[in-house]
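Biologist: I am new to this model, and I would like a close look at a single part of it, namely the salt bridges. Please take me through them slowly, and place them within the rest of the fold as you go.

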Amino acid sequence: MSYYRYKVLADTLLILHAIWVLILVGGTIFLINHRWYIPYHLSIVSGTLMINLILGGCPLTLWEEKSRKIWNPRTESYNNSFIAAHLKRLTNIEVSPKQINWILFGIKVISYYISFLLLIAK
């Protein structure tokens, strides 16, 4: 595989990761008026929480970082935070990956709780 393909792979993973984050966060808002989506969203959030708890982070972050480093060895480490790494890259604002990960964990737990409450209130 040529080095350029690793850049394409990393960029594709970046887009997929951004879509996944939007589904997680936006899905909570979406399901308030679209009750049919509750079981799907609950599955997505549950799976994401389990993967994060078992693996200690998101595999998409790891795969994107590895692909980007093969393409460009000077790529800075993501330190297990997709959002912190790209926030710094795009805006030059540095936020602790640990802070971002705790905030995201809280959002996922709240999203799970809201989904579960709406499911049993059906």
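Modeller: A salt bridge here is a side-chain nitrogen of Lys or Arg within 4 Å of a carboxyl oxygen of Asp or Glu. Side chains of opposite charge can pair when their charged atoms come close. Please keep in mind throughout that this is a predicted model, so that every distance and area below is computed from predicted atoms.

With that in hand, the part to look at is a network of salt bridges that links K7, D11, E64 and R68. The structure holds five salt bridges, and one of them joins the side chains of E64 and R68, with 3.1 Å from N to O. These two residues are four apart in helix α3, which covers residues 59–71, and therefore about one helical turn separates them. Both E64 and R68 are buried, in a protein where buried residues make up 29% of the 122 residues.

Helix α3 carries another pair, E65 and K69, whose closest N and O atoms are 3.4 Å apart in a salt bridge. Here too the partners are four residues apart in the helix, so that about one helical turn lies between E65 and K69. Their surroundings can be read from the accessible areas: E65 counts as buried because its relative accessibility is 12%, which falls under the 20% cut-off, while K69, at 31%, counts as partly exposed.

A further salt bridge is found between E94 and K88, where the closest N and O atoms are 3.8 Å apart. E94 is exposed, with a relative accessible area of 64%, whereas K88 is partly exposed at 26%. In the loop between α4 (82–91) and α5 sits N92, a residue that has a positive phi of about 65° although it is not a glycine. N92 is exposed as well, with a relative accessible area of 65%. A84, in helix α4, counts as buried at 7% relative accessibility, and its C-alpha atom is 6.8 Å from that of S96, although the two residues are 12 apart in sequence.

To place these pairs in the whole, it helps to step back to the fold. The protein has five helices and zero strands, running α-α-α-α-α from the N terminus on, and its C-alpha atoms fill a box of roughly 50 × 30 × 30 Å along the principal axes. Helix α1 (residues 3–33) packs against helix α2 (residues 38–55) at an angle of about 140°, with the axes 10 Å apart, and this angle makes α1 oblique to α2. The crossing of these two helices, α1 and α2, is left-handed. The axes of α1 and α5 come within 10 Å and cross at roughly 25°, which makes α1 roughly parallel to α5; the crossing of α1 and α5 is likewise left-handed.

Finally, helix α5, residues 97–120, contains F116, which is partly exposed, with a relative accessible area of 36%. Together with Y112, Y113, L117, L119 and I120, F116 makes a nonpolar surface patch of about 560 Å². To return to the part you asked about, the network that links K7, D11, E64 and R68 includes the buried pair E64 and R68.

How values were computed
Residues numbered from 1 in each chain as written. Predicted model: local features only at pLDDT ≥ 70, side-chain atom pairs only at ≥ 80, totals over all residues. Heavy atoms only, no water. Patch = residues over 30% accessible without salt bridge, like charges linked within 9 Å, V, L, I, M, F, W, Y side chains within 5 Å. Areas by Shrake-Rupley, 256 points an atom, 1.4 Å probe, with all protein chains shown as cover. Buried < 20%, exposed > 50% of the residue type's maximum accessible area, 1.4 Å probe, protein only. Axes fitted to C-alpha atoms, helices over the stretch in contact; angles between N-to-C directions. Parallel < 35°, antiparallel > 145°, perpendicular 65-115°, else oblique. Left-handed = near helix turned anticlockwise from the far one by under 90°.
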